[in-house]
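Let's walk through this one together, from its broad layout down to a few individual residues. Have the structure open as you read.

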Amino acid sequence: MVKNYDVIVIGSGIGGLTAAGLLAKSGKSVLVLESHDRPGGYAHGFKRKKYRFDSGVHLISGCGPDGYRGGQIIYKVLQALDVEHRIEFINIDPFSHARYPGLVAALPQSVEAFCERLGRLFPEERQGLRDLTRLCLQVAEEITVADEIMACTNFAEAHRLMPALCKYRKATLAEVAREFIINPKLLGLFASNWPYLGLPPSEVSFVYWSTMLIGYMVDGAYYCKGGFQHLADTLVDGLARHDGEIRFKAPVDKILIENGRIAGVEVKNEKFAAPVVIANADIRHTICEMIGEEHFPPRYIQRIKKMQHSLSIFAVYIATDIDLIEHKLAHESFCFQDFDHEKNFAATCNGEITWLSITAPTLVDPNLAPPGHHLLMLTTLLPFQAAESWQQAKPGYMDAMLKLAGKYIPGLEDHILFIEGGSPATMRRYTQNFQGAAYGWDVSPSQVGPTRIPNQSPLPGLYFAGHWTSPGGGVYGVSVSGVQAAQKVLGIRQQAEFWRLIETIGQT
């Protein structure tokens, strides 16, 4: 007997869980199918001995009630699902530290504190820095209302209402930053968090960069107490609270089509019927393998095949008994040997380990490890093609990462209690993303906004959530994608109207 649902979500990454929970709250019968044994995608966690590691997420934003206009998306979602009381977020301020030869700088929350701290280091650039950061804030605020404005006005009126977004929508971070800042060291310092988006300043979208930076700086940077697996589990709780279902170890083999529209899915020869499917999965795999290109317009297929996917990551997970406080380490440190991020990125594309981020979650959540022990995650970007065999190359990359981290934490190599590595092949295995892509499609100017693959496909009943669709990568970005997908399924054009509907349901 085939079981019927209103909506089936493929994949339980944060974007898929967000869409599933909100649609369940709206009264839809929802089933989430996950191939792994736990939810979360790149946000999932794992236990080794007495240690609880995050697989890939370091920080998120938008978890508190305060922030910039149009932000706070994760807070809104958890509140809508009636589970905000089940989770605790730890505010991280400064949101990161940047380490360069001869310069270590903290990047604090709030536009004022950020500009004051960096302005002290580069006093001659103080005004330009302030103007650039305020522009980032303006862009971040305008992007949150862009869809609503474009849905009900012409371009001339949109230009009046969103001047910064219209002016800089095709610009890179480097192009805009150079209008305000001259000193190459400050340009490098300002862009220190570029690895969070997978592209250097000359290639990353200024608009998407602004939403990320302002997210941490104004909406707040947070660590999830207990690890980010707890965020995924809380979203699952929210789904269940509204009668949604989730099945693990249930990889979808095929998406079923009848009469030119979605009819359901097939899992291990078992069929589930639904008129709507939301794919929180690699879009190319979804369309070409699970469905078939013949069901889509040729131009749509051509567009997808032209899109450029992001690099993958290499991560090293470490437990140590070294005193990280004594070494003045912070929760998040980006460690570069060169202020020129184009050089840093070029080395990365060649498969070289010249920079890394060091995350130390036990400095803010000691319960992740036994007393006296700390956890570290060393992360860098790498292309999948950097090694012919990742199984053979993995130990060498782990050694290189450990050696580089030892420059910032002297003696680390002699204080390893546990170590494990995750290569691009590991990322591909657990997420089924093409070549272990860390952020779906690159967030370059030509692949964000209207030029990104939209949440609603041309095939009736098929929608997308996650970093392969609008707006882009990162936990905040995929959370927005989940909201947008739910909104499209319900046929609601404006996000403000969508939130009003969700709140009204909660009051009935």
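Start with a spot where helices come together. Helix H1 (14-25), H2 and helix H11 (229-241) each supply at least two residues of the lining of the second largest cavity. This is a predicted model, so treat what follows as a reading of that prediction. H2 is the biggest giver to the second largest cavity, with three lining residues. The full lining consists of Ile14, Thr18, Ile74, Val77, Leu78, Leu231, Leu235 and Ser479. Sorted by class, that makes six nonpolar, two polar and no charged residues.

How many cavities of 30 Å³ or more does a search of the whole structure find? There are three. Here are the largest and the second largest side by side.

| Cavity | Space | Lining by class |
|---|---|---|
| Largest | about 60 Å³ | seven nonpolar, one polar, two charged |
| Second largest | about 50 Å³ | six nonpolar, two polar, no charged |

The largest cavity is lined by Arg52, Phe53, Asp54, Val57, Tyr223, Thr359, Pro361, Leu375, Leu376 and Met377. Strand E5 (51-54) and strand E19 (374-382) each put at least two residues into that lining. Where does the largest cavity sit relative to the domains? Domain 1 (3-90 + 225-307 + 453-505) and domain 3 (309-431) both give residues to its lining, so the largest cavity lies between them.

That brings us to the overall layout. The protein is split into domain 1 (3-90 + 225-307 + 453-505), domain 2 (111-216) and domain 3 (309-431). Taken over C-alpha atoms, the centres of domain 2 and domain 3 are 28 Å apart. In the contact between them, 15 residues come from domain 2 and 10 residues from domain 3.

Now for the packing. The largest nonpolar core has 122 residues, and those with the most contacts inside it are Phe89, Leu189, Phe206, Leu231 and Ile278. Helix H10 (residues 206-219) provides the largest share of this core, nine residues. A second, separate core has 31 residues, including Phe272, Phe296, Ile304 and Phe464. Leu231 is worth a second look: besides its place among the best-connected residues of the largest core, Leu231 also helps line the second largest cavity.

Phe206 is another one to click on. Leaving aside residues up to four places away in sequence, Phe206 touches Leu132, Leu135, Cys136, Val139, Tyr168, Ala171, Thr172, Leu173 and Val176. Follow that list to Thr172, found in the loop between helix H7 (163-168) and helix H8 (173-180). Is Thr172 buried or exposed? Thr172 is buried, because its relative accessible area is 8%, and buried means under 20%. With the same sequence neighbours set aside, Thr172 touches Pro201, Ser202, Glu203, Val204, Phe206 and Pro445.

Gln72 is a loop residue too, lying between strand E6 (60-61) and helix H2 (73-80). Gln72 is buried as well, with a relative accessible area of 10%. Not counting residues up to four places away in sequence, Gln72 touches Gly62, Gly64, Pro65, Asp66, Gly67, Asp219 and Tyr476.

Two more helix residues give a sense of distance. Val218 is in helix H10 and is partly exposed, at 26% relative accessible area. The C-alpha atoms of Val218 and Arg284 are 35 Å apart, with their positions 66 residues apart along the chain. Ala393, in helix H15 (residues 390-406), is buried at 18%. Its C-alpha atom is separated by 9.1 Å from that of Ser423, 30 residues apart along the chain.

Finally, some backbone oddities. Most residues other than glycine have a negative phi, and most peptide bonds are trans. The peptide bond from Asp93 to Pro94 is cis, with omega near 5°; Pro94 sits in the loop between strand E7 (89-91) and strand E8 (96-100). Ser470 and Pro471 are also joined by a cis peptide bond, with omega about 5°, and Pro471 lies in the loop between strand E21 (462-464) and helix H17 (475-489).

On the phi side, Ser110 has a positive value near 85°. Ser110 lies in the loop between strand E9 (103-107) and helix H3 (111-121) and is partly exposed, at 27%. Lys268 has a positive phi near 50°. Lys268 is in the loop between strand E13 (261-267) and strand E14 (270-273) and is exposed, with a relative accessible area of 52%.

Definitions and conventions: Residues numbered from 1 in each chain as written. Predicted model: local features only at pLDDT ≥ 70, side-chain atom pairs only at ≥ 80, totals over all residues. Heavy atoms only, no water. Helix = DSSP H or I, 4+ residues; strand = E, 2+ residues; numbered from the N terminus. Buried < 20%, exposed > 50% of the residue type's maximum accessible area, 1.4 Å probe, protein only. Contact = heavy atoms within 4.5 Å. 1 Å grid on protein atoms, 1.4 Å probe; cavity = no way out; pocket = protein on both sides within 12 Å on 5 of 7 lines; lining within 4 Å. Points joined across faces, edges and corners; volume = space filled by probe spheres on them. Nonpolar A, V, L, I, M, F, W, Y, C, P; charged D, E, K, R; others polar. Domains from an automatic or database assignment. Core = buried A, V, L, I, M, F, W, Y, C linked by side-chain atoms within 4.5 Å.
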